[in-house]
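Work through the exercises below with the sequence and the 3D structure open. Try each task before reading its solution.

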Amino acid sequence: MPNSSSISEFLLLALADTRQLQLLHFWLLLGIYLAALLGNGLISTAVACDHRLHTPMYFFLLNLALLDLGCISTTLPKAMANALWHTRHISYAGCATQFFFFLFLFGAEYSILTIMSYDRYVAICKPLHYRTLLGSRACATMAAAAWGTGLLYSLLHTASTFSQALCRGKVVNQFFCEIPHILKLSCSESGSLRETGFIVLSVLAIYGCFAFILFSYVQIFRAVLRMPSEQGRHKAFSTCLPHLAVVSLFVSTDFLAYLKPHSLVSPSLDLVVSFLYSVVTPTLNPLIYSMRNQELKDAVRKIMSWTHFSSNKLLICLYK
């Protein structure tokens, strides 16, 4: 029987059987990837360059955009390459690397979303203490803690999963290296149980964070509904609803991916759910955040107009 030391590569799930469909999938994935790069890149650039957006809320949004860029760049390029070159292969080291970085960015992203709910809670429920509780040093410390949490989460899962003997083939029925599908290849019951235990603890931590987010929003909505000004209520809802929408999308897709009933288990559903939380969510986040945020829209327009002006100026210089 083969074990992990003798496996040099894995076979990922083919998204289509025919060459025409594979090429179609390549172009669709490329379009999604470019949209994600553009959206998250514009938000990152706008927040970094516009001094009006140098506030805790936008600082954490910058972190979220960078994490979304990393998440989608971990999974999609390999899927696009496989579709383009009509292959399913990924090396053992490549699979472990993809596994590590995806979990790292995934864990850090959820931590940032939790911190963002705290930011909104302090801004609306304790506005007089906002600068004290969320000063530049506190924000940097919380962001570093979020990235560190993602790193620890990833190290534990990657070490636990890839230290096991893998003797049940090398076919991963997913378009990227995902925990449940790697565990199916394990021939070690104790190792599989250990990693399952890590998953259970991770899920409990995720729902603990979700409970904190819900508690924060209960307090936020109570405070907002007591506001005498309709304009103030509108502004508060405009800053909170995008974050709540992103959290809801993030948690619901994770729930379907890891805690769905056995009666719903199917390869097609697994593929759709994994695509939702690893590809669709990072692509939609910039759109959700910019939809009701006029400050962010103005900053993005400013960046785009400056880019357009610079490109026109460059063309004029070249023609001269």
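**Exercise 1: A cavity and its lining**

About 100 Å³ of space lies in the second largest cavity. The model is a predicted one.

Task: Find which residues line the second largest cavity, which elements give two or more residues to the lining, and how the lining divides by class.

Solution.
- Step 1. Begin with the whole structure, which holds four cavities of 30 Å³ or more.
- Step 2. List the lining of the second largest cavity: M57, Y58, L61, M116, R120, S238, T239, P242, H243, Y289 and N293.
- Step 3. Assign these residues to elements. Two or more lining residues come from each of α2 (56-85), α3 and α8 (230-258).
- Step 4. Look for the largest share: α8 supplies it, with four residues.
- Step 5. Sort the lining by class. Six residues are nonpolar, four are polar and one is charged. Arg counts as charged, and R120 is in the list.

**Exercise 2: The disulfide**

Task: Locate the disulfide, give its handedness, and state which parts of the chain the pair ties together.

Solution.
- Step 1. Search the whole structure; one disulfide is found.
- Step 2. Identify the partners. The sulfur atoms of C95 and C177 are 2.0 Å apart, and the cut-off for a disulfide is 2.5 Å, so this pair forms a disulfide.
- Step 3. Place each cysteine. C95 belongs to helix α3 (residues 92-125), while C177 sits in the loop between α5 (136-162) and α6 (179-183), so the pair ties together parts that are 82 residues apart in sequence.
- Step 4. Read the torsion about the S-S bond of C95 and C177. The value is about -130°, so the disulfide is left-handed.

**Exercise 3: Buried or exposed cysteines**

Task: Decide whether C71, C139, C95 and C177 are buried or exposed.

Solution.
- Step 1. Recall the cut-off: buried means under 20% relative accessible area.
- Step 2. Apply it to C71, whose relative accessibility is 4%, so C71 counts as buried.
- Step 3. C139 also has a relative accessibility of 4%, so C139 counts as buried.
- Step 4. Turn to the disulfide partners: C95 and C177 are both buried.

**Exercise 4: Annotated spans**

Task: Take the "transmembrane region" spans from UniProt and describe the chain over residues 26-47 and 198-218.

Solution.
- Step 1. The unreviewed UniProt entry places this feature at residues 26-47, 59-77, 89-113, 134-156, 198-218, 239-259 and 271-289.
- Step 2. Residues 26-47 are 100% helix and 0% strand, with end C-alpha atoms 31 Å apart.
- Step 3. Residues 198-218 are 100% helix and 0% strand, and their end C-alpha atoms lie 30 Å apart.

Note on methods: Residues numbered from 1 in each chain as written. Predicted model: local features only at pLDDT ≥ 70, side-chain atom pairs only at ≥ 80, totals over all residues. Heavy atoms only, no water. UniProt positions renumbered as here; feature names shortened; annotations may be inferred. Buried < 20%, exposed > 50% of the residue type's maximum accessible area, 1.4 Å probe, protein only. 1 Å grid on protein atoms, 1.4 Å probe; cavity = no way out; pocket = protein on both sides within 12 Å on 5 of 7 lines; lining within 4 Å. Points joined across faces, edges and corners; volume = space filled by probe spheres on them.
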